[in-house]
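Some notes on this entry follow, for reading beside the coordinates. Please check each point against the view.

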Amino acid sequence: MEVKEISKDENNVLAQMVSMDHEQVLFCQDRATGLKAIIAVHNTVLGPALGGTRMWNYTNEIDALTDVLRLSRGMTYKNSISGLNLGGGKAVIIGDSHTQKNEALFRRFGQFVDSLSGKYITAEDVGISPQDMVWVNQETNHVAGLPGKSGDPSPVTAYGVYVGMKACAKAQFGKDSLAGLKVAVQGAGHVGQYLIKHLNEEGAEVFVTDIHEPSLKEVSEKYGASIVGLDEIYDLDVDVYAPCALGATVNDDTLSRLKCSIIAGAANNQLKDETVHGKMVMEKGIIYAPDFMLNAGGVINCFAEVDGRTAEWAMEKASQIYDTTAEIINGSRTNNIPTYAIANKMAEDRIKEAK
Ligand SMILES: NC(=O)c1ccc[n+]([C@@H]2O[C@H](COP(=O)([O-])OP(=O)(O)OC[C@H]3O[C@@H](n4cnc5c(N)ncnc54)[C@H](O)[C@@H]3O)[C@@H](O)[C@H]2O)c1
């Protein structure tokens, strides 16, 4: 059914919901605690919408709304392509995570999450700690990522990136061993460190950059990774570029410099412009492993917690990222379509079928 367009004004909430096809958006305000939050439920066809809460000092509420709508839609795709019975949702709390956190605020937020009766399950995202989720959990059971439960998702995320990188190597070089390959890792944070450990164990030669000196020192001492400059990372003569820090690092500038034949990392939204740069990587003969598929280990870990599965189950599920990556590369080569487009279609098809 064609949905009647309400308004072209991008500040109009319903128009934005229509254009991105959201089911529900809940605006939350509480004068006593100062809470200002938005919960976006994008799609619940496959199951309850799971996605983290981000606390960020947005300059205005339009930015907060745009962010939550974009992030929640991304979760629909990530959960679908990962074969999880979960829909996509996300929440944002407008505020400074360093100065404005307290128990009352998170408990009030928990009440709003609870008012959705399980349609939305929350977890940690940028600016939110497991302790904050403990407060949320005092008001609602619809929470994942609690201390003592599934724990830090980064090892599972890193494992998924690692196996997906192996599938890329198989497609590009004919064998899935990473031994002897040169890999440039951007960001030695939670995921980056675990990824570098896997790469080191397999005999890859690792180059790493980060803005945080102590993290660099740690991975250099532990795993023999060679430290390179922040900008130098794009000019290295390597086989694989693994973005594990920021988004939008695959762009006009970097694509004129990158010499790798594989891009596979954990960062979200790696392609600055999906349509433009997704096509450019393909034309340059680079295999790009779609980020939302490759970094799904974290949400797989959360799902294991809410669905009562074991840590072993989560690792086994994350290992399937190898097959999904191979399937996407195969589809891309057969049809001459960029990998991101194949991945998007796979996610959309699963939802259509379920419907
Ligand atoms: N943690 C997870 O399970 C998970 C799951 C899915 C996606 N991701 C995504 O993967 C990426 C890494 O996540 P994380 O949990 O390791 O985050 P993190 O904050 O622990 O690590 C990010 C690292 O990047 C570094 N960094 C920041 N700016 C940089 C720059 N300009 N150049 C080089 N390094 C820079 C930071 O100093 C930090 O060490 C993020 O984009 C995140 O959204 C993480």
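The points below take up a sheet, the ligand site and two helices of this predicted model.

1. The sheet. Six strands form an open sheet in the order β9-β8-β7-β10-β11-β12, and their pairing is parallel. The edge positions belong to β9 (226-227) and β12 (287-288); each has a single partner strand, so one side of each lacks a neighbour in the sheet.

2. The pairing of β7 with β8. Strand β7 covers residues 182-186 and strand β8 covers residues 205-209; the two run parallel and are joined by five bridges. For a register check, take Val185: its bridge partner in β8 is Val208.

3. The ligand shell. The ligand is surrounded by 24 residues, and the closest are Thr157, Gly187, Gly189, Ala245 and Gly298. Two or more residues of the shell come from each of α5 (154-173) and α6 (190-202). The largest share is that of α6, with three residues. Which classes make up the shell around the ligand? The shell has 13 polar residues, 10 nonpolar and one charged.

4. Helix α12. In this helix (residues 311-319), Ala314, Lys317 and Ala318 are the buried residues. Viewed down the axis of α12, they lie within an arc of 100°, so they line one face of the helix. Glu312 and Glu316, on the other side of α12, are exposed. A lysine is thus listed among the buried residues of α12, and a reader may wish to look at Lys317 in the view. The cover over the buried residues of α12 includes α5, α11 (297-306) and α13. Helix α5 therefore appears in two places in this note: it gives residues to the ligand shell, and it is part of what covers α12.

5. Helix α13, length. This helix runs over residues 321-335. Should its 15 residues, at 1.5 Å a residue, span what distance? The expected value is 21 Å, and the end C-alpha atoms are 21 Å apart, which agrees.

6. Helix α13, faces. The buried residues here include Ile321, Thr324, Thr325, Ile328, Ile329 and Ser332. These cover an arc of only 135° around the axis, which puts them on the same side of α13. On the other side, Asp323 and Thr334 are exposed.

7. The end of α13. Asn336, just after the helix, takes a positive phi of about 55°. This residue is worth a look when the backbone is inspected.

Note on methods: Residues are numbered from 1 along each chain as its sequence is written. This is a predicted model: local features need pLDDT of at least 70, side-chain atom pairs count only at pLDDT 80 or more; totals for chains, interfaces and linings use all residues. Two strands pair if DSSP finds at least two bridges between them. Helices (H or I, at least four residues) and strands (E, at least two) are DSSP runs, numbered from the N terminus. The expected span of a helix is 1.5 Å times one less than its number of residues. A residue is buried if 20 or more other C-beta atoms lie within 10 Å of its own, exposed if 12 or fewer, and partly exposed in between; C-beta atoms are placed from the backbone. The arc is that of the directions from the helix axis to the C-beta atoms. A residue is near a molecule or strand if its C-beta atom, placed from the backbone, lies within 6 Å of it. Ala, Val, Leu, Ile, Met, Phe, Trp, Tyr, Cys and Pro count as nonpolar, Asp, Glu, Lys and Arg as charged, and the others, Gly among them, as polar. Two residues are in contact if their C-beta atoms, placed from the backbone, lie within 7 Å.
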